[in-house]
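Here are my comments on the model, set out as numbered points. They deal with charged pairs, one pocket, backbone angles and a few side-chain contacts.

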Amino acid sequence: MLHNSSSPRDKEPTELDTLRKWQEERRARRLRGEYESAVLHLSQVINDNIHTPMNISAVRIEGAKNTRSSFLASIVAPAVQRSGDDTEDVPHTLEHVLHTTRHLAAALKKTDIFTSVEVYLDRPRDTTAASGDVDLVFKTRERGRWYLSSSTELGNSEGSASAHARIRNVFGGAETFEAAASLGTQTRRSFRGTLTTPLSASMTAFAELSAYVQDRDLSSYASCTEALRGARAVVRTGTPRTGAHEVAYDAVIRHITALTPTASFSTRQSAGTSLKSALSHTLLYDTRSDPLGLASTSGLYLKLTHELAGGAVLGGDAHHYKVEGEAQVSRRIGDSGVSVSLSAKSGIIYSLAPNGRTLFSDRFQLGGPTSVRSFRANGMGPRDGADSTGGEIFYSLGASLISDIPTKPNWPVKAHLWLNAGRLDNLNRDGSTNSNAGTEGERAPVIPPTFLSTPSISMGLGLIYRFDPVRVEVNFGLPLALSKGEAARRGLGVGVGLEFL
């Protein structure tokens with residue numbers, strides 16, 4: 001039976017529920033105090049013994065049942081060697097052991113094959129070890145090796161059903177095999193299998209081999225279907241925050257087929273099979289504090305891609321040099337909950353073929369809810385009748401004002417006011433004579449004189465939903481200026497994707 005106290009000694013409350021809460025808080029304070037005292041005591045012990053002579057006798061990694069010993073040794077050896085860089089006249093200490101422990105734990109976590117990594121010091125198992133030697137023991141738990149998922153998606157006038165499978169740590173060296181298959185309305189059939197493996201123990205360089213099959217329905221803008229059968233080999237180094245590089249080789253067979261009865265003459269010329277053999281290099285630099293670029297307070301996004309296809313060495317039917325660049329920056333305006341975002345994208349493809357022509361599959365397309373808004377997907381640029389033929393040079397610019405919803409700053413939904421501009425065109429081969437041309441009178445392709453002065457423009461407003469890493473937009477847009485034949489789209493539009501203008 002609880003009784004009221006007229007003179008509480010520790011401010012005990014009178015109500016039973018309040019008393020229980022008070023007791024729980026007091027117990028939590030006591031535990032927190034004991035924990036802080038233990039940490040303080042441990043820190044004091046370490047500081048008092050930081051220069052105690054100590055050597056690493058062995059490193060043991062427990063729980064890594066599916067990981068190769070040689071792979072683990074390639075991670076352990078560099079860290080242990082760093083700890084032993086001192087001269088023989090300087091004895092190893094507890095400080096060296098702790099630094100080595102930290103480096104090894106970070107390296108093991110970086111492989112992404114362990115859910116937990118715990119470490120402790122143990123007496124050496126080697127009977128010949130000196131009195132100051134210790135064993136570093138890492139208790140690990142590996143991630144699940146198998147993953148399988150399926151999903152359905154709707155967006156950008158397309159619906160699809162897909163399945164995704166992943167096998168982690170395939171050969172015991174942090175390799176990953178992924179396979180994805182999908183069926184849809186525009187991408188009718190798609191399959192991709194990818195094997196990724198690290199090239200260094202520091203996990204800063206990776207190699208990737210992939211094979212893919214894809215059938216895409218292009219009838220909405222080009223009156224045909226494109227079938228792709230290809231393979232890709234990639235080497236990646238670095239990180240986006242310091243500059244990531246990707247060197248790739250692509251070999252792909254493209255088949256333009258299933259022409260509709262209304263297909264234009266240009267589309268019929270493009271029909272048939274072509275082989276593309278190309279080398280490319282991509283530089284990615286991304287230091288934005290917000291990966292979606294909606295409200296970054298610092299950093300910027302840069303991406304630059306070069307591609308060389310064909311020639312005497314690479315072969316194939318596609319012969320061109322292609323460059324594409326992209327930049328984006330966004331900043332918050334004080335504490336108002338409003339941010340401004342600026343983005344730009346541009347590219348050019350220059351034919352290296354004797355006839356000076358580029359292939360339809362290699363040309364740029366522009367327009368759509370993730371590109372220049374209020375234009376139909378791939379609805380901008382040169383056309384032949386109702387078909388888009390693609391272009392050899394383009395630019396697109398975007399400015400956005402993004403605001404929190406009033407009284408709901410933490411909502412993932414943001415208001416959005418935007419202005420877009422862009423132009424897609426072909427290089428002009430009726431320009432000035434190229435003095436370096438092999439044949440007298442041969443014309444060099446030049447940028448059309450109206451390329452920069454006559455952009456297509458649109459503006460609008462809408463809502464953005466953050467669903468990391470995917471961004472969803474619902475916009476009402478209005479085209480303000482467009483070139484002859486371009487397919488504009490006034491009214492509501494929905495965009496789903498990873499990258500937006």
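1. Buried here means under 20% relative accessible area, exposed means over 50%, and partly exposed is in between. With 31% relative accessibility, Arg236 therefore counts as partly exposed. The model is a predicted one, and the values below should be read as computed from it.

2. Arg236 forms a salt bridge with Glu208, at 2.7 Å from N to O. Glu208 belongs to strand β8 (residues 205–217) and Arg236 to strand β9, so this pair ties together parts that are 28 residues apart in sequence. Unlike the partly exposed Arg236, Glu208 is buried, with a relative accessible area of 13%.

3. A salt bridge also joins Asp215 and Arg229, with an N to O distance of 3.0 Å. Asp215 is in strand β8 and Arg229 in strand β9, and 14 residues separate them. The acidic partner, Asp215, is buried at 14% relative accessible area, while Arg229 is partly exposed at 33%. Salt bridges with shared partners connect Glu208, Arg232, Arg236, Glu246 and Asp250 into one network.

4. How many salt bridges does a search of the whole structure find? The search gives 22. One of them is between Arg168 and Asp112, with N to O at 3.4 Å. This pair links distant parts of the chain, 56 residues apart: Arg168 is in strand β5 (residues 158–168), and Asp112 is in the loop between α3 (94–110) and β2 (114–122). Arg168 is buried at 15% relative accessibility, whereas Asp112 is partly exposed at 36%. As general background, side chains of opposite charge can pair when their charged atoms come close.

5. Lys322 deserves a separate comment. This residue sits in strand β13 (residues 320–332). Lys322 is buried but has no salt bridge, and the nearest side chain of opposite charge, that of Glu307, is 4.8 Å away. A salt bridge requires a side-chain nitrogen of Lys or Arg within 4 Å of a carboxyl oxygen of Asp or Glu. What the side chain of Lys322 does reach is the backbone oxygen of Asp362, at 2.9 Å.

6. Which residues lie nearest the centre of the second largest pocket? They are Arg236, Pro240, Ala244, Glu246 and Leu284, out of a lining of 15 residues. The space in this pocket is about 340 Å³. Two or more lining residues come from each of β9 (225–237), β10 (244–257) and β11 (272–286). The most is given by β10, with three residues. Sorted by class, the lining has five nonpolar, six polar and four charged residues. Arg236 and Glu246, both named above among the residues nearest the pocket centre, are also members of the salt-bridge network.

7. Ser277 is in strand β11. With a relative accessible area of 4%, Ser277 is buried. A polar atom of the Ser277 side chain lies 3.0 Å from the backbone oxygen of Leu314.

8. Two residues should be checked for their backbone angles. Most residues other than glycine have a negative phi. Ser223, however, has a positive phi, near 60°. Ser223 is placed in the loop between β8 and β9 and is buried, at 6% relative accessibility. Thr407 has a positive phi as well, near 65°. The position of Thr407 is the loop between β17 (393–404) and β18 (413–425). Is Thr407 buried or exposed? At 73% relative accessibility, Thr407 counts as exposed.

9. A last point concerns a pair separated along the chain. Thr370 and Arg471 are 101 residues apart in sequence, and their C-alpha atoms are 9.8 Å apart in space. Thr370 is in the loop between β14 (338–351) and β15 (383–384). At 27% relative accessibility, Thr370 is partly exposed.

Conventions. Residues numbered from 1 in each chain as written. Predicted model: local features only at pLDDT ≥ 70, side-chain atom pairs only at ≥ 80, totals over all residues. Heavy atoms only, no water. 1 Å grid on protein atoms, 1.4 Å probe; cavity = no way out; pocket = protein on both sides within 12 Å on 5 of 7 lines; lining within 4 Å. Points joined across faces, edges and corners; volume = space filled by probe spheres on them. Helix = DSSP H or I, 4+ residues; strand = E, 2+ residues; numbered from the N terminus. Nonpolar A, V, L, I, M, F, W, Y, C, P; charged D, E, K, R; others polar. Buried < 20%, exposed > 50% of the residue type's maximum accessible area, 1.4 Å probe, protein only. Lys, Arg positive; Asp, Glu negative; His and termini not counted. Polar contact = N/O pair within 3.5 Å; in protein donor to acceptor, adjacent residues only side chain to side chain.
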